[in-house]
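Dear colleague,

Please find the structure below, handed over for your own inspection. My notes on what was found in it follow directly after.

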Amino acid sequence: MTSPTRQPRIPANDHGVLGGVPELGEWTPHLSVSVVVPTGGAGDTLPLTLAALAAQTYPRHLLDVIVVDDGERPTARLPEIRPERTRLVRPEAGRWGKPHACNVGAAAAEGDVIHWLDDDVVPFPEHVEAHMRWHHLARYLVVLGHLRTVEWEPGELSASEVLAAAEAGAVAKLFHEEDSSPQWTEKRWNRTDDLRTAGADAFAVHVGAAASLPAELFRAAGGMDESLPLGEDTELGYRLAQAGAVFVPDRAARAWRLGGSAVMRREQEVKRHNRPYLGERVPSFRWLRATPGRGYRVPYVEAVVDARGASLEEVRATVDGLLASWTPDVSVRITGPWSGLGEARRAPLDDPDLDLRLIRALYEADARVTLADDLPESCFPTPFRFHCPAGWVPGQDALGRLVAFADRNTLGVLSLALDEGDDVVRARLERTAALSRARLVAEPGEDLDDVVHEVYGTLWDVGEKWGVVRAEAATTISPQRLQAELEKCRARSLVLQDRANRWRRQATRGQATRRRWRNASRRVTRFLARRVARPVMRRVARPVALPWAAAGRGRA
Amino acid sequence: MSATWGGCAGFGSHPALLDRVCDDFAGQWTVLDGADPGQPLPGEAVERAVIAARTPADLRRLVPFGALVPDAAQVCVVIAEAPPWAAQPLPVAGQSAAWHLLADMRILRRRRGWRIEATFSAPVPGGEILAHILYGLLGGRRHLAQPVVGLAGEGAFGWRPGDPNVTLTGVDGPVVARRDAPGCDLVLRVVDRTDRPWPDGRIPVVERAPLTAVPDGPAYPDLLPPVDETVVNPIGFRQNARGPVATLTRRAGGYSITSGLDELVRLSPSGELTDVDVARLRDAVGVAVREPDPSGLVRARIVTGLAAAGIPVLMDGDGIGDPALGAELSDALATVDEDQLASELRREEISVRLRRAALRTHGAIPRWRNIAVSAGLALPHEPPVSVLLCTCRKDMVPFALEQMERQRGVRAEVILGLHGFSAREAGVQGAIADSSLRITVVEAAAGVPFGELLNRMAAVASGSFLARVDDDDWYGPDHLADLLLAQRYSGAELVGAAAEFVYLEPINTTVRRRLGTERFTSLVAGATMLVTREMFETVGGFRPIGTTVDGQLLESVEAAGGRIYRTHGLNYVLRRRHSRAHTWRHPVQAFLKSYQEQWRGLHFNHLMESASTPHVGYWRQEP
């Protein structure tokens with residue numbers, strides 16, 4: 001993204017470093033916005049939405065509206081009350097669905113910012129302004145509106161009433177706040193200090209009903225995935241995050257949502273529907289990928305092995321080690337001069353490119369392995385890339401542990417020193433989101449890793465600690481061996497449990513014994529005092545009248 | 001000859017402890033820590049003398065008063081508690097005649113303390129035995145230097161810790177003369193009223209009021225009894241103290257330092273701090289001193305003790321401005337911020353600043369230098385340091401000289417060893433000429449072993465201490481001064497810093513490793529070693545070999561019975577170069593294996609007073 005001014009550098013999702021936004025009505029905007037309203041054509045709430053848009057505080061010359069009519073039959077015309085610059089577009093012939101409608105709307109949009117608004121949403125007059133003040137601070141923010149859902153009967157409200165309320169500043173009074181229900185995402189906002197501490201997972205609350213983002217960012221992320229009938233906003237959020245976006249909720253960007261959304265009304269069914277779609281496309285939802293031994297559309301980690309100058313044995317050890325990882329959704333990209341390997345006549349065993357040919361023969365047909373001449377700059381939308389030098393093998397748990405560690409510490413790059421010759425041999429885990437953001441904000445000539453360090457973190461560690469070892473030292477654990485270990489542990493735990501029980505019994509027994517003895521000794525003492533000491537003392541003390549004996553008797 | 005004499009010191013606020021550690025002595029104790037130096041010396045020898053001290057610090061204070069201990073055929077020294085870092089009380093005998101009469105000796109460990117029973121065939125001076133036992137406990141003979149001091153008045157206890165060469169006199173004199181010499185050069189007299197006449201006109205007298213008295217003039221540091229740096233010092237400093245901030249509070253008959261409901265330390269009304277007290281405070285992240293005190297001097301004394309031990313002290317503005325603390329310590333105290341104590345590194349920086357200021361202003365050695373100078377006595381200079389700087393890269397000469405040029409607080413000369421090139425070469429000559437340092441150049445051919453060159457350099461050095469530095473590492477401006485300070489309080493023959501901070505050049509990363517610091521050990525960073533001339537000559541210098549000369553010197557010092565002390569590592573950043581530029585035994589991975597904190601780029605802590613490369617944020621090892 002090109003920008004005349006230096007972009008602020010936001011670490012992880014902590015938009016607090018921007019230092020807050022200007023107060024509503026007290027700033028001067030210059031960016032234009034296109035509000036895209038995809039509508040199903042049922043039509044009774046769209047006039048209300050457009051009426052509310054007609055009364056926005058954002059300057060009219062910077063705001064236009066694109067209504068995408070995705071209904072089965074085209075709507076004849078737009079309602080009377082609407083913003084000045086409102087256009088109606090139709091999806092391409094034979095295409096349907098909200099993602100497509102959004103893409104069509106975005107393609108028609110001319111504004112710097114695209115602002116999604118569902119056709120059942122009635123925004124407050126300052127809604128668009130509240131969004132837009134963020135976009136003036138940084139060019140990679142996705143701003144989320146603050147929706148309250150209210151029960152609504154068709155015909156309850158007319159467009160002119162909405163307009164009148166908006167002009168009188170009384171949109172808040174159209175419905176009762178206490179009768180409304182918040183979005184499910186609001187809990188998450190509360191828990192994470194308005195997503196400031198949400199880290200790399202902030203995208204999960206991206207809801208497209210009232211959200212805005214720079215048009216360039218939308219295009220860079222590849223637009224909406226049109227194969228998704230539902231849950232398209234979550235998937236877009238995931239890709240935006242990989243493109244470097246920061247998610248900012250604004251509680252001042254208020255809007256009413258008329259009638260519950262599908263997610264709210266038929267929650268379980270929606271979840272069941274989205275599970276296969278999102279599991280394939282959002283690797284960060286690990287709970288959707290519990291099954292081992294299968295592939296997914298978007299892998300979790302793309303491992304990169306450079307075959308240049310490496311032997312077949314080295315590359316094989318590394319690639320096989322990566323494929324054997326306990327993290328199943330790993331794809332491997334082997335880079336090398338594959339296109340340069342001609343088919344000219346040659347002596348098979350004396351070929352200078354022998355090892356390259358053997359490597360190609362070995363992995364050509366594996367679905368999880370790609371052979372590539374050059375490495376693309378980014379592995380977008382795969383969330384992690386792991387560079388591993390040939391001849392070094394990560395343990396089966398290494399990738400999982402590395403990624404978990406990087407997540408826990410919001411690291412952008414985790415480098416592992418493996419060995420030192422003339423230079424340091426290194427493996428490197430990269431977070432796509434961090435590198436993308438670094439590219440967005442880097443000044444020309446700046447070292448990208450320095451920028452990554454500012455927007456996420458970079459860290460050096462030693463490979464040994466993470467089980468990345470030389471091929472000779474690498475071991476894989478067979479399931480049989482694991483099973484045997486498990487049995488051993490189980491047996492040991494039984495023995496220990498037994499011993500603990502015995503000790504516990506002994507301890508209680510000892511306690512009982514001690515109690516018995518203490519009681520017995522007390523009884524004996526009492527008996528001695530009463531039956532022996534007292535009569536003796538009486539007999540002895542009385543005749544000689546010892547003063548202390550008399551005093552003692554008096555006390556008794 | 002009466003049966004048994006008993007003297008004790010330091011039990012003022014722990015009376016029960018005295019009975020516990022000396023259950024076999026029922027007689028009347030002579031309390032020595034309030035003794036009047038002018039009281040008549042015991043004439044008659046006794047069968048047995050028991051001397052009980054609560055801590056080594058009390059024993060040190062007792063040593064000048066050794067003359068008050070009668071001669072005895074059996075001497076029993078009881079130390080109730082010793083700090084964990086103290087050595088064992090094996091007597092280091094001089095040529096005193098007493099030890100020739102030794103018949104039997106037993107040294108027994110008693111819980112956290114010691115009991116030493118020595119039997120002689122005839123009565124011997126108890127005070128002398130005491131001094132020799134103390135030498136062993138603190139690792140060899142250590143002495144306060146000139147002048148020879150006379151002490152008078154009951155409050156003089158604690159003014160001259162560990163010095164057996166004092167002259168005790170009465171408050172009104174006279175000073176008993178020594179053989180062909182006056183009894184002392186200077187008398188320190190602790191009296192209530194300043195108008196008491198001093199009869200001996202030849203010997204200058206310095207008057208001090210008792211600490212608890214309200215001073216009538218403006219306060220200044222010299223009014224406080226000194227901090228005995230031999231026992232109250234940063235040894236044993238804990239980098240990862242986890243406890244809460246402790247608080248100084250008043251109690252009946254003294255002060256105590258409490259943490260919540262726990263009483264960590266009990267202090268006497270005169271506020272003296274001992275080594276054992278300091279060891280108990282090591283877990284506290286700091287001590288808050290907010291108690292308003294009518295006689296500010298006691299509070300100032302407690303604060304100087306805590307600061308000298310490297311314990312962060314939190315005070316409010318009033319307390320910080322106390323003139324008795326001295327300007328340097330007040331400035332250091334003003335930088336203490338409670339929030340920063342949560343960070344281990346910030347806390348250690350604070351601690352180093354405090355201990356520097358306190359030990360330089362209030363240590364026994366500087367205090368007596370000051371007193372002597374104000375009394376008009378001429379003293380010898382402080383011992384100078386010779387810096388051995390050896391390089392085989394001529395482009396590093398300006399950088400290395402710059403690192404030494406910024407050293408402050410020491411008298412230093414630089415012996416510049418040029419390994420394989422000449423001082424007349426371009427760049428080198430200019431750098432030497434531009435430097436304001438006193439530089440002696442030693443040139444050697446590239447084939448001369450490193451150790452041999454260092455020995456040649458040491459031969460032309462004139463300092464009492466030899467410090468080795470590297471040409472490519474970074475040194476904070478107080479590096480040499482802190483090493484000298486560490487040498488002074490530890491008494492070790494060789495001191496060095498820990499290579500905690502390492503800049504890994506091949507991966508542009510600075511790491512901080514966790515190495516135990518402020519302790520006696522057998523390893524210090526080679527490029528930070530400071531060795532006494534005496535020990536250097538005892539072991540015969542460096543081994544004339546090419547590599548690991550530092551490690552070999554450490555081994556020889558240990559073999560010669562010397563002690564090695566490792567001080568903090570905040571003044572030193574080791575530069576780990578590219579392996580192709582340097583022969584390194586440890587690969588980069590070795591430095592990454594056990595780091596505690598990590599910074600991107602070259603990072604300096606605040607004490608280095610250099611600019612780090614600008615990268616925000618750092619990373620800390622997960623606990």
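Leu388(B) is in contact, neighbours within four places in sequence left aside, with Ile415(B), Gly417(B), Leu454(B), Met457(B), Ala458(B), Ala461(B), Leu466(B), Ala467(B) and Arg468(B); contact here means that the C-beta atoms of two residues, placed from the backbone, lie within 7 Å. This is a predicted model, in which local features need pLDDT of at least 70, side-chain atom pairs count only at pLDDT 80 or more, and totals for chains, interfaces and linings use all residues. Residues are numbered from 1 along each chain as its sequence is written, while chains are lettered from A and ligands numbered from 1 in the order in which they are written.

Leu388(B) also belongs to the largest nonpolar core, of 262 residues, where Leu388(B), Val287(B) and Val313(B) have the most contacts. Such a core is a set of buried Ala, Val, Leu, Ile, Met, Phe, Trp, Tyr and Cys residues joined through C-beta atoms within 7 Å. A residue counts as buried if 20 or more other C-beta atoms lie within 10 Å of its own, as exposed if 12 or fewer do, and as partly exposed in between. With eight residues, helix α5 (residues 296-308) of chain B gives the most to the largest core. A second, separate core has 59 residues, including Cys8(B), Ala82(B), Ala86(B) and Ala156(B).

Val287(B) and Val313(B) are also bridge partners, Val313(B) lying in β15(B). Strand β14 (residues 284-289) of chain B runs parallel to β15(B), joined to it by three bridges. Helices (H or I, at least four residues) and strands (E, at least two) are DSSP runs, numbered from the N terminus, and two strands pair if DSSP finds at least two bridges between them. These strands lie in an open sheet of five, with mixed pairing and the order β13-β12-β11-β14-β15 (chain B). Its edge strands, each pairing on one side only, are β13 (262-267) and β15 (313-315) of chain B.

Another open sheet of chain B has six strands in the order β2-β1-β3-β4-β6-β5, again with mixed pairing. Here β2 (29-31) and β5 (102-110) of chain B are the edge strands. Eight bridges pair β5(B) with strand β6 (residues 113-125) of chain B in the antiparallel sense, and Asp104(B) stands opposite Thr119(B) in β6(B).

In chain A, strand β4 (residues 113-117) is largely enclosed by the rest of the structure, because five of its five residues are buried. Val113(A), His115(A) and Leu117(A) point one way from β4(A), and Ile114(A) and Trp116(A) the other way. Strand β1 (residues 33-39) of chain A runs parallel to β4(A), with four bridges, whereas strand β8 (residues 210-214) of chain A runs antiparallel to β4(A), with five bridges. Ile114(A) is the bridge partner of Ser34(A) and stands opposite Leu213(A) in β8(A).

Between the chains, 16 residues of chain A are in contact with 16 residues of chain B. The largest share of the chain A side, five residues, comes from β17(A).

On confidence, chain A averages a pLDDT (the predictor's confidence in each residue, from 0 to 100) of 89, and 94% of the residues score at least 70. Within chain A, the mean is lowest in helix α16 (residues 547-555), at 44, and highest in strand β13 (residues 384-387), at 97. Over residues 546-556 of chain A, pLDDT stays under 50, and the model has four contacts beyond four places in sequence for them.

With kind regards
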